[in-house]
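Here are some short exercises on cysteine links and on a contact between chains. Try each task with the viewer open, then follow the worked solution.

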Amino acid sequence: MSLQRLAIAACLLPGLVACVNSTVDQMVFNTPGAGIGDASVVILGRRHASDYETEPEFIRCVGNHISSRDKSIGVVGEQEFLDALYPWFEPRTAPLRPADLERLLEHRDVARAFTTMQTRYMIWIDGSTVRNDSAGSMTCGIGPGGAGCFGFGTWSNDANYEATIWDFSKRAEVGRISTTASGQSYMPAVVVPIPIIAPVQGTACDSIGDQLLEFLSAEY
Amino acid sequence: MSGSMTIGPDRWLAATLLVFLLAGCGTKQVLVQSEFPPPVMNKLPLTIGVWYDEEFANHEFFDEAAGRAETSWLVNTGQAQVQLWDTLLKGMFRDVVYMNGKPGPGQMNPVVDAVLLPAVDELQYAIPAHTNVKVYEIWMRYRLQLVTTGGAPIADWTMPAYGKTPTAFMQSDEGAVRLAAIVALRDAGAHFASTFTSIPDVAQWLASLPRAGDAARRRVQP
C-alpha cells in the first residue's frame, strides 16, 4: 500500500463510529399548541442520587440541541439559573414536586427573579451514562526506534435519562420523556490505537432533545 | 572562556521519565477558590456579628498516604470558607459586622444582636480509586455557635454539608476534588440559609427579641 493510501486510511479511521440502539418513551399531558412564545425554558439536572450524578455536559447538550434547532426558544443556562436563585435549587433544597414552587414564591426576590427570566417551563433531567462490560487488553511500548500499541479493547455504554416537564405558570407536571441508549465501542490497536466509539450519550441527548422540541416548539 | 553543554536525547528521555515517576510520589494539593452567589431571600432584620478564628480562615485538610501506592492529599478550603460565609451572611441579615476578637468577657467588640462563630469540625473526601463509584465526594461537618457579644451561648449546633462531582474526560483528580468542595460549600450555604431560623435554640432566641422577634418570625422562610 502506498504512503498516500496509508495517510488517507489514517484520516478516515478516526471518523468511524459504532452503532447505538436508542429507545424513547414519551408521556405528554398538555402540549402548548403554538409553542412557548417569548417565554424561556430552563433545563436542570437532578442530583439527589448518591451513586451517580446527572452530567452537567448532558444538560448543556440538551439545551444546545433545543436552542440550535429553534432559535425562538430561550434556554436559560443551568448554572446561571442556579446562581440567580441560590440557594433554592441546590440538591438539598430543590423542589421535588411542582406544588413546592409555591413555597419558593413566598420569597419576594425569588418571585422577582422568576418574573425577570420569564420561565414558563422547568425541565428536570435525571439519569446518567455508565460504562459496562469492558473486555480485551492492549499493550503499549516505547523504545529508541519509536512507540506503538498492540491489542484490542471493547466496552459497552448505557445511557438512561428521564426528563420531567413542569409548567411553571400552572405549577403542574405536564409531560415526561424517558430515553435509553446503548452501544458497543471498540479499540483495535496495531501500532496506532483506532477508537471506534459508540456515541451513546450524544444519541440520548439528541433523542431527548428532539422529543422536547416537539413539546416546546411550534415548528416541530 | 566560553563553552556550551549539549544534552543528548537519551538524557532528556531519562529526565522526563524521572519527572513522571516523581510526580506520582508527591502530595496532591487542592486550593479551593470560588465566587459564591448571594442568597435570594428575605433578609432577617438583625445585625449579626461574625468571628472567623485562625483555624477556620486558614482551614486545610491533610490526608497522609497510607502506603507507597497511595497519594497524600492537602485540601485547602480556608479562603473559600470565608468567601462563602461573607456572601451568605450579607444576603441573610440586615447588617453584618466583623468582630475585633473572639467574643468573651472583657473583649471589646461592636454592638450586635448576636455573633456567629463557624468552625469546620471534620472533612472527609472520597475519590473513585477509593470507592469504585465514578464520583468524587467531599463531606464536611460544621460546628456553629451563636453567642452574645459577651460570649454567652445562644445556640450551638452541628451542620453537615456534602458535595459530589462526576468523573469527566480529561479532568484531573485535583480538579474534580476542587469542584466537589465547591459543591459542598454551596450545600453548606443552602443548608444554613434554609434551616437557620428553625434551629430550636435560634427560634427561641428570635422569639425573645423584643424589637425584631415578631418581624423576624414573619419574614423567615417556611
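**Exercise 1. How many disulfides does a search of the whole structure find over all chains, and how are they paired along chain A?**

Please keep in mind that this is a predicted model.

Step 1. Searching the whole structure, over all chains, gives 2 disulfides.

Step 2. One of them joins A:Cys61 and A:Cys205, with the sulfur atoms 2.0 Å apart; this is inside the cut-off of 2.5 Å.

Step 3. A:Cys140 and A:Cys149 also form a disulfide, again with 2.0 Å between their sulfur atoms.

Step 4. Count the bonded cysteines along chain A, and the pattern reads 1-4, 2-3.

**Exercise 2. Work out the handedness of the link between A:Cys61 and A:Cys205, and say which helices it ties together.**

Step 1. Take the torsion about the S-S bond of A:Cys61 and A:Cys205: it is about -100°, so this disulfide is left-handed.

Step 2. Now place the two ends. A:Cys61 sits in helix α2 (residues 56-69) of chain A, while A:Cys205 belongs to helix α6 (residues 200-216) of chain A, so the bond ties together parts 144 residues apart in sequence.

Step 3. Check the accessibility of each end. A:Cys61 has 28% relative accessibility and therefore counts as partly exposed. A:Cys205, at 0%, counts as buried, because buried means under 20% relative accessible area.

**Exercise 3. Is the link of A:Cys140 and A:Cys149 left-handed or right-handed?**

Step 1. The angle about the S-S bond of A:Cys140 and A:Cys149 is 105°, and the link is right-handed.

Step 2. For the surroundings, A:Cys140 has a relative accessible area of 52%, so it is exposed. A:Cys149 comes to 13% relative accessibility and so counts as buried.

Step 3. For practice, classify one more cysteine: A:Cys19 has a relative accessible area of 70% and is therefore exposed.

**Exercise 4. Describe the contact between chain B and chain A: how many residues does each chain give, and what area do they bury?**

Step 1. Chain B brings 28 residues to the contact and chain A brings 25 residues.

Step 2. The size of an interface is often given as the accessible area lost when the parts come together. Here chain B and chain A bury about 2100 Å² between them, and 54% of it is on carbon and sulfur atoms.

Step 3. Look for the main contributors on chain B. B:Val40, B:Lys164 and B:Arg186 supply 31% of the area that chain B buries against chain A, more than any other three residues.

**Exercise 5. Which residue forms a salt bridge with A:Glu90, and which elements of chain B touch chain A?**

Step 1. The rule finds 4 salt bridges across the interface of chain B and chain A.

Step 2. One of these pairs A:Glu90 with B:Arg186, whose closest N and O atoms are 2.9 Å apart.

Step 3. Widen the view to polar contacts: 12 residue pairs between chain B and chain A are counted, with both residues at pLDDT 80 or more.

Step 4. On the side of chain B that touches chain A, the elements giving two or more residues are α3 (78-92), β7 (135-147), β8 (153-166) and α5 (173-195). Of these, α5(B) gives the most, with 8 residues.

Step 5. Sort that side of chain B by residue type: 17 nonpolar, 6 polar and 5 charged.

Definitions and conventions:
Residues numbered from 1 in each chain as written. Chains lettered and ligands numbered in written order. Predicted model: local features only at pLDDT ≥ 70, side-chain atom pairs only at ≥ 80, totals over all residues. Heavy atoms only, no water. Helix = DSSP H or I, 4+ residues; strand = E, 2+ residues; numbered from the N terminus. Buried < 20%, exposed > 50% of the residue type's maximum accessible area, 1.4 Å probe, protein only. Contact = heavy atoms within 4.5 Å. Buried area = accessible area lost by both parts, 1.4 Å probe. Salt bridge = Lys/Arg side-chain N within 4 Å of Asp/Glu carboxyl O. Polar contact = N/O pair within 3.5 Å; in protein donor to acceptor, adjacent residues only side chain to side chain. Nonpolar A, V, L, I, M, F, W, Y, C, P; charged D, E, K, R; others polar.
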